[in-house]
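Please open the model in your viewer, with the backbone drawn as a cartoon and side chains ready to be switched on, and follow the stops below in order.

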Amino acid sequence: MKHVQLITDGACLGNPGPGGWACLLRYNHHKRELVGSEPHTTNNRMELTAVIEGLKAVREPCETEVVTDSQYVKNGITQWIHGWKRNGWKTSAKKPVLNQDLWEALDEQVSRHHVHWTWTKGHADHEDNNRADELATQAAREQL
């Protein structure tokens, strides 16, 4: 099975506000950058979208390492989602799960691959995470 690395980030100018997302796909010696934006969104939605779009771009089932600086994304997909699904997409406080549409889309994409989640500190020394942050912020700023 092929091994792909996916490094993701989301940005938002104001929360909510104009947002951008970016991801870097690495396979062997190849690197591909994907970027997108939304005019009125939140940081968490952009973090989720970056992972969803990155996984969508991986055309066949792969061993995929997702590198994110978002604890929200990593904890949501590896821990919280199981309870949300069991509880009909309600939180432990019986409130609707925020961003349910994106969590469902992410869950669908994750089911296509063997995903390993890696958290990295944002704005630190991870070169690809810094590049994803730069691209996502630029995508958000271009809407101003």
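In this predicted model, begin by selecting residues 3–12 and 17–27, which are strands S1 and S2: the two run antiparallel and are joined by eight bridges. Within this pairing, pick out aspartate 9 and look across to S2, where its bridge partner is alanine 22. Then move to the loop between S1 and S2, where proline 16 lies, and display the peptide bond that leads into proline 16 from asparagine 15, since this bond is cis, with omega near 15°.

Next, widen the selection to the whole sheet, which is open and is formed by five strands in the order S3-S2-S1-S4-S5, with mixed pairing. At its edges stand strand S3 (30–41) and strand S5 (114–119), each of which has a single partner strand, so one side of each is left without a neighbour in the sheet. If you look along the sheet, the twist from one strand to the next averages 20°.

Now add residues 43–57, helix H1, which lies across S1, S2, S3, strand S4 (63–68) and S5 and runs at about 155° to S1. The end C-alpha atoms of H1 are 21 Å apart, which agrees with the 21 Å that its 15 residues should span at 1.5 Å a residue. Which residues of H1 are buried? Colour Met46, Glu47, Leu48, Thr49, Ala50, Val51, Ile52, Gly54, Leu55 and Ala57, for these are the buried residues of the helix.

From there, go to helix H2 (residues 71–86) and show tryptophan 80 and tryptophan 84, which are four residues apart, about one turn of the helix. Their rings form a tilted aromatic pair, with 6.1 Å from centre to centre and 55° between the planes. Tryptophan 80 is partly exposed, with a relative accessible area of 36%, whereas tryptophan 84, at 11%, is buried. Extend the selection to Tyr72, Trp89 and Trp103, which form one aromatic cluster together with Trp80 and Trp84.

Finally, stay with tryptophan 89 and follow the loop between H2 and helix H3 (100–110), in which this residue is found. Although tryptophan 89 is not a glycine, its phi is positive, at about 60°, and the residue is buried, with a relative accessible area of 12%. The last stop is asparagine 99, also found in the loop between H2 and H3, where phi is again positive in a residue other than glycine, near 65°. Asparagine 99 is buried as well, with a relative accessible area of 14%.

Terms used:
Residues are numbered from 1 along each chain as its sequence is written. This is a predicted model: local features need pLDDT of at least 70, side-chain atom pairs count only at pLDDT 80 or more; totals for chains, interfaces and linings use all residues. Side-chain values use heavy atoms; hydrogens and water are left out. Two strands pair if DSSP finds at least two bridges between them. Axes are lines fitted to C-alpha atoms, for helices over the stretch in contact, and angles run from 0 to 180 degrees between N-to-C directions. Contact means heavy atoms within 4.5 Å. Rings of Phe, Tyr and Trp (its six-membered ring) pair if their centres lie within 6.5 Å; planes under 30 degrees apart count as stacked, over 60 as edge-to-face and the rest as tilted. Buried means under 20% relative accessible area, exposed over 50%, partly exposed in between (1.4 Å probe, protein chains only). The expected span of a helix is 1.5 Å times one less than its number of residues.
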